[in-house]
Amino acid sequence: MSRRAAALAAVVLLLVLVAAALVLVPVDVLPGAHPVVDAGRDFTPAQLAREQEFHRALRPSAYASLVLGLVVAGVLGVTRLGSRLVGRLPGGRTGQVVLGVLAVTLIGRLLTLPLDVRSELVLREYGLSTQTWGSWALDAGKAVLVAVVPAALALLAVLALARRLPRTWWAWSAGALAALVVLGSFAYPVVVEPLFHSFRPLAAGPLRTDLLALAQEDGVPVRDVLVADASRRTTALNAYVSGFGSTRRLVVYDTLVQTASPQEVELVVAHELGHAERDDVLVGTALGALGGAAAVCVLALVLSWPALLARSGATGPDDPRVVPLVLALVAVGTLLAAPAVNLVSRRIEARADLHSLQLTGDADTFIRSEQRLAVQNLSDLEPAPLAYALFSTHPSGPERIALARSWAAAQP
Ligand SMILES: [Zn+2]
């Protein structure tokens with residue numbers, strides 16, 4: 001293969017990705033405003049202390065699980081342990097790829113299992129989890145399936161292309177992965193979400209009528225609002241939009257419908273309508289597809305490094321024994337990309353917040369419901385920089401409230 005062509009393609013794709021992010025996602029959702037973030041203004045010392053205590057209990061196992069997962073992936077990827085394991089699996093090339101992805105994923109999950117159990121115990125201690133261990137274990141099993149199936153499909157495609165087109169496989173693979181990201185995002189609401197929740201339409205009544213009227217007023221036609229049976233797992237309050245085109249759906253947690261006032265539900269739905277109006281799922285999908293294609297080009301460059309291949313015990317990108325190395329590189333790449341992904345996500349979320357303020361015109365209810373949501377969900381109110389970069393897909397509660405105050409102050 002041509003290393004120069006792959007390097008050039010990676011650079012061009014990354015530049016297009018950055019340009020697309022700058023065009024599609026606002027750098028500053030409220031230009032000229034200087035929101036003042038002050039957690040102490042809207043949350044009591046007791047609320048702040050409880051949230052901090054919760055995160056002090058949760059974070060060590062979460063970080064340890066992250067680090068151990070990377071170490072396990074690294075050991076299997078860059079020593080001969082992983083390639084020997086895959087080499088012994090049955091089923092020819094296809095079997096070795098599929099079972100190899102499954103084996104590497106299962107080994108990682110089993111070794112981090114005690115830490116994940118510890119995290120679940122903390123969630124229970126703080127009243128956030130309502131799950132039985134049976135249902136928790138079943139979810140963990142389904143999560144493995146959800147991770148393994150797309151990874152195995154992608155790797156099967158990569159290996160088949162690398163075998164037939166040894167010079168240009170990376171370019172075809174980049175296109176194939178981008179297509180898989182788009183297909184996955186489209187199918188997610190109908191294929192993956194039903195594995196974890198069951199959904200029913202919001203019952204007819206004043207709330208449903210109000211929400212559909214709100215969507216109508218917003219110019220975002222919504223056929224239905226779906227309620228997810230989240231209370232079987234959690235006491236957390238949430239809502240989201242997923243899919244696009246014919247799979248687009250607006251979902252609210254039953255926990256929210258049962259405990260929030262109609263104004264609060266309306267505010268949350270107004271935020272989700274903001275996502276729908278801007279096609280944020282499609283924006284995220286397009287950025288993800290570009291990022292995935294760029295990642296394949298970088299992967300091809302790394303896999304053309306003979307010393308690394310020799311260490312891992314694989315002969316090249318067409319050898320099933322390369323699977324553990326690819327999975328290790330994906331794990332490292334995902335972690336390195338997390339701060340940028342979360343930065344983009346937080347800006348998209350801030351834009352949706354602004355939309356809900358503009359649509360409802362009600363900053364007071366916005367601030368009150370942000371307070372209640374953050375307290376109920378034990379959200380990190382003052383995240384440390386590392387936690388913020390790695391885990392915060394949304395602005396913190398105090399940041400969201402500060403945005404609302406800035407918006408309200410700018411209204412005539
Ligand atoms: Zn959102």
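Good morning. The second largest pocket has a lining of 17 residues, and those that lie nearest its centre are V29, A350, P395, E399 and L403. I should say at once that this is a predicted model.

Let me stay with that pocket for a moment. Its space comes to about 370 Å³. Which elements give two or more residues to its lining? They are α14, covering residues 323–360, and α17, covering residues 397–409. Of the elements, α14 gives the most, with 5 residues. As for chemical character, the lining of the second largest pocket divides into 11 nonpolar residues and 6 charged ones, with no polar residues.

I turn next to enclosed space. How many cavities of 30 Å³ or more does a search of the whole structure find? The search finds 1. About 40 Å³ of space lies in the largest cavity. Its lining consists of V241, G243, F244, R248, H275, A276, D279, D280, V281 and L282. By class, these lining residues are 5 nonpolar, 2 polar and 3 charged.

Two helices deserve mention here. Both α11, residues 262–277, and α12, residues 280–303, supply at least two residues each to the lining of the largest cavity. The largest share, 3 residues, comes from α12.

Helix α12 also brings me to my last topic, its packing against α7. Helix α7 spans residues 169–191, and its axis comes within 8 Å of the axis of α12, the two crossing at roughly 150 degrees. Angles over 145 degrees count as roughly antiparallel, and therefore α7 is roughly antiparallel to α12. Is the crossing left-handed or right-handed? Helix α7 passes α12 in a right-handed crossing.

Which residues meet across this contact? From α7 come W169, W170, S173, A174, L177, A178, V181, V182 and S185. On the α12 side, they meet V281, T285, G288, A289, G292, A293, V296, C297, A300 and L303. The residues of this contact divide into 14 nonpolar and 5 polar, with no charged residues.

One residue links the two parts of this account. V281 of α12 is in contact with α7 as part of the set just listed, and V281 also belongs to the lining of the largest cavity.

To summarise, I have described a pocket of about 370 Å³ to which α14 gives the most lining residues, a cavity of about 40 Å³ that takes the largest share of its lining from α12, and a roughly antiparallel pairing of α7 with α12. Thank you for your attention.

Note on methods. Residues are numbered from 1 along each chain as its sequence is written. This is a predicted model: local features need pLDDT of at least 70, side-chain atom pairs count only at pLDDT 80 or more; totals for chains, interfaces and linings use all residues. Side-chain values use heavy atoms; hydrogens and water are left out. On a 1 Å grid over the protein atoms alone, a cavity is a set of points where a 1.4 Å probe fits but cannot get out, and a pocket is an open set with protein on both sides within 12 Å along at least five of seven lines; lining residues have an atom within 4 Å of a point. Grid points are joined across faces, edges and corners, and a volume is the space filled by probe spheres set on the points. Helices (H or I, at least four residues) and strands (E, at least two) are DSSP runs, numbered from the N terminus. Ala, Val, Leu, Ile, Met, Phe, Trp, Tyr, Cys and Pro count as nonpolar, Asp, Glu, Lys and Arg as charged, and the others, Gly among them, as polar. Axes are lines fitted to C-alpha atoms, for helices over the stretch in contact, and angles run from 0 to 180 degrees between N-to-C directions. Angles under 35 degrees count as roughly parallel, over 145 as roughly antiparallel, 65 to 115 as roughly perpendicular and the rest as oblique. A crossing is left-handed if the near helix is turned anticlockwise from the far one by less than a right angle, and right-handed if clockwise. Contact means heavy atoms within 4.5 Å.
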